[in-house]
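Hi,

Here is the structure I promised to pass on. Have a look at it first, and then read my notes underneath.

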Amino acid sequence: MKHNQSGEDYLEAILLLSNELEHIHQIDVARKMNVSQPAVQKALKILKGNAYIETDGLHIFLTEQGKRYAREIYHRHCTIRRFLVLHGVDDEVADGDACEMEHCVSPATFAAMEKFVNENGK
């Protein structure tokens, strides 16, 4: 699922929900992402087919592979957001831009951003 913005957004949402809730349901994901339950159901089918999630009929669980990928996406988001804020971008704007950029920034560009944040973000 490389560079699949929608799928990555779902994984990130499930990861964040797993930090807030003991059990994650489709409705939780739908509310977090502001999408319909049928949209969530379709996305979950794809994520399950890629072995990123498992379900028991009611609950959604990230697999180990899914957790690793979701953490990677979230790390990119947080790093890019911090990079933008350090360059004077408003927090809210930086968060929205990071949400878009996390999916398409090249590894080399991300490494440079990450280095800058690590050296200047303290």
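Below is what I found, going from the whole chain down to a few residues.

First, a caveat: this is a predicted model.

Overall fold. The protein chain has six helices and two strands. Reading from the N terminus, the order is α-α-α-β-β-α-α-α, so to speak a strand pair in the listing with three helices written on either side. The C-alpha trace spans about 45 × 25 × 25 Å along its principal axes. The radius of gyration is 15 Å, which agrees with the value near 14 Å that a compact globule of 122 residues would have.

Inside and outside. Of the 122 residues in the protein chain, 36% are buried. If you take the contacts with a separation of 6 or more, 54% of them join residues 24 or more positions apart. The exposed area of the protein chain is about 7,300 Å², with 51% of it coming from carbon and sulfur atoms. On the charge side, I count 14 positive and 19 negative side chains, and the centres of these two sets are 5 Å apart.

Helix α2. This one covers residues 26-33, and its buried residues are D28, V29 and A30. What do the buried residues of α2 pack against? The partners are α1 (5-20), α3 (37-49) and β2 (60-62). Right after α2 comes N34, which has a positive phi, near 60°.

Aromatic pairs. There are two of them in the structure. In one, the ring centres of Y52 and Y69 are 5.2 Å apart and the planes meet at 40°, so the pair counts as tilted. This pair links distant parts of the chain, 17 residues apart: Y52 sits in the loop between α3 and β1 (53-55), and Y69 belongs to helix α4 (residues 64-86). Are these two rings on buried or exposed residues? Y52 counts as buried because its relative accessibility is 9%, under the 20% cut-off. Y69 is buried as well, at 12%.

The other pair is F83 with F116, and here the geometry is edge-to-face, with 5.5 Å from centre to centre and 75° between the planes. Again distant parts of the chain are linked, with F83 in helix α4 and F116 in helix α6 (residues 107-120), 33 residues apart. F83 is buried, with a relative accessible area of 17%, whereas F116 is partly exposed at 27%.

Cheers

Key. Residues are numbered from 1 along each chain as its sequence is written. This is a predicted model: local features need pLDDT of at least 70, side-chain atom pairs count only at pLDDT 80 or more; totals for chains, interfaces and linings use all residues. Side-chain values use heavy atoms; hydrogens and water are left out. Helices (H or I, at least four residues) and strands (E, at least two) are DSSP runs, numbered from the N terminus. The radius of gyration is taken over C-alpha atoms; the globule rule is 2.2 Å times the number of residues to the power 0.38. Buried means under 20% relative accessible area, exposed over 50%, partly exposed in between (1.4 Å probe, protein chains only). Contact means heavy atoms within 4.5 Å. Accessible areas come from the Shrake-Rupley method with a 1.4 Å probe; for residues, only the protein chains shown count as cover. Lys and Arg count as positive and Asp and Glu as negative; His and the chain ends are not counted. The place of a charge is taken as NZ of Lys, CZ of Arg, CG of Asp or CD of Glu. Rings of Phe, Tyr and Trp (its six-membered ring) pair if their centres lie within 6.5 Å; planes under 30 degrees apart count as stacked, over 60 as edge-to-face and the rest as tilted.
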